[in-house]
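The following exercises concern a single protein model and are each followed by a worked solution. Please examine the sequence and the structure before reading the solutions.

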Amino acid sequence: MQRLGPARLVLVRHGESIGNLADRAARGAGAARLELDARDADVPLSDTGVNQARALGRHLADLPETAVPTAVASSPYRRSADTARTAMETAGLRLPVHHDERLRERELGVFDGLTGTGIRAEYPAEAARREHVGKFYYRPPGGESWCDVALRVRSFLRDVGARPATDRLWIFTHQAVITCFRYVLDGMDEEAVLALDARVPMPNGSTTTYHRGPGGVPALVDYASAAAVRAEGEEPTQEREHAGRGPVP
């Protein structure tokens, strides 16, 4: 099992984004494509997402000194980077936010911007191939499988392991990436991680926390918890289905 350097690791899903709203609207309308002009890396937070990021900042400000992060990393994608920046500014913490491309959202390739309806209409052969291969191993043309994301996570954790073991590291990233952290850190197999993904929703602004257990092995404290956002007076948001920018259903 992967050993982790930081004494405490907190994984934060970004606040609600304009992409989340566009995905919700497209699904509700049965549309083939999201009405979204920005590339995935540039999708901003919605007003609700900004409020969720500020709530996370107020939560950070309320933490005891022994729980305040000593290091912060983020996906370079705008919705995550803005969540991190807003939270740090609201908390009054002057920590630098290190952007790492390994924490970016899973790339969907030619499926980017399409709903499940659009994928089945425009790429029926790929939809059938995905059904055969399965969600975990399937790689859309020009995109990534979950395994590809897990490799990024493993690479990132190897670098983290070289940092001082007393670090309290907060990472602002995306739903699929956080799920792959659990896959790696908890030593899951394909069946277990897909069951988790289907069973437990991951709200915007939620936190997943590990602490360093005996022998440096990470131990899960909580997963996809919306408690911090709710405690600071904001409501978390989540997809009715596992969404993003046009996933295969």
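## Exercise 1: The second largest pocket

In this predicted model, strand E6 gives the most to the lining of the second largest pocket, with three residues.

**Task.** Describe the second largest pocket by its volume, its lining residues and the elements that supply them.

**Solution.**
1. The space in the second largest pocket comes to about 200 Å³.
2. Its lining consists of 13 residues. Nearest the centre of the pocket lie Arg-8, His-59, Trp-170, Thr-207 and Thr-209.
3. At least two lining residues come from each of strand E1 (8–13), strand E5 (207–212), strand E6 (218–225) and helix H9 (227–231).
4. Sorted by class, the lining holds seven nonpolar, four polar and two charged residues.

## Exercise 2: A residue of strand E6

**Task.** Determine the sign of phi at Ala-224, and decide whether this residue is buried or exposed.

**Solution.**
1. Ala-224 belongs to strand E6.
2. Its phi is positive, about 50 degrees, although the residue is not a glycine.
3. The relative accessible area of Ala-224 is 10%. Buried means under 20%, so Ala-224 is buried.

## Exercise 3: The surroundings of strand E2

**Task.** Establish which strands pair with E2, and how its two faces are covered.

**Solution.**
1. E2 (residues 71–74) pairs with strand E4 (residues 168–173) in the parallel sense, over four bridges. Within E4, Phe-172 stands opposite Ser-74.
2. E2 also runs parallel to strand E3 (residues 97–99), to which three bridges join it. In E3, His-99 is the bridge partner of Ser-74.
3. In a regular strand, side chains alternate between the two faces of the sheet.
4. In E2, Ala-71 and Ala-73 are on one side, and Val-72 and Ser-74 on the other. These four residues are all buried, so both faces of E2 are covered.

## Exercise 4: Helix H3

**Task.** State which unit H3 forms with E2 and E3, compare its span with the expected value, and explain why it counts as largely enclosed.

**Solution.**
1. H3 (residues 78–91) makes a right-handed β-α-β unit together with E2 and E3.
2. H3 has 14 residues, which at 1.5 Å a residue should span 20 Å. The C-alpha atoms at its ends are 19 Å apart, in agreement with that value.
3. Of the 14 residues of H3, 10 are buried, so the rest of the structure largely encloses this helix.
4. The buried residues of H3 include Arg-79, Asp-82, Thr-86 and Met-88.

Terms used:
Residues are numbered from 1 along each chain as its sequence is written. This is a predicted model: local features need pLDDT of at least 70, side-chain atom pairs count only at pLDDT 80 or more; totals for chains, interfaces and linings use all residues. Side-chain values use heavy atoms; hydrogens and water are left out. On a 1 Å grid over the protein atoms alone, a cavity is a set of points where a 1.4 Å probe fits but cannot get out, and a pocket is an open set with protein on both sides within 12 Å along at least five of seven lines; lining residues have an atom within 4 Å of a point. Grid points are joined across faces, edges and corners, and a volume is the space filled by probe spheres set on the points. Ala, Val, Leu, Ile, Met, Phe, Trp, Tyr, Cys and Pro count as nonpolar, Asp, Glu, Lys and Arg as charged, and the others, Gly among them, as polar. Buried means under 20% relative accessible area, exposed over 50%, partly exposed in between (1.4 Å probe, protein chains only). Two strands pair if DSSP finds at least two bridges between them. A crossover is right-handed if, with the strands pointing away from the viewer, the path from the first strand over the helix to the second runs clockwise. The expected span of a helix is 1.5 Å times one less than its number of residues.
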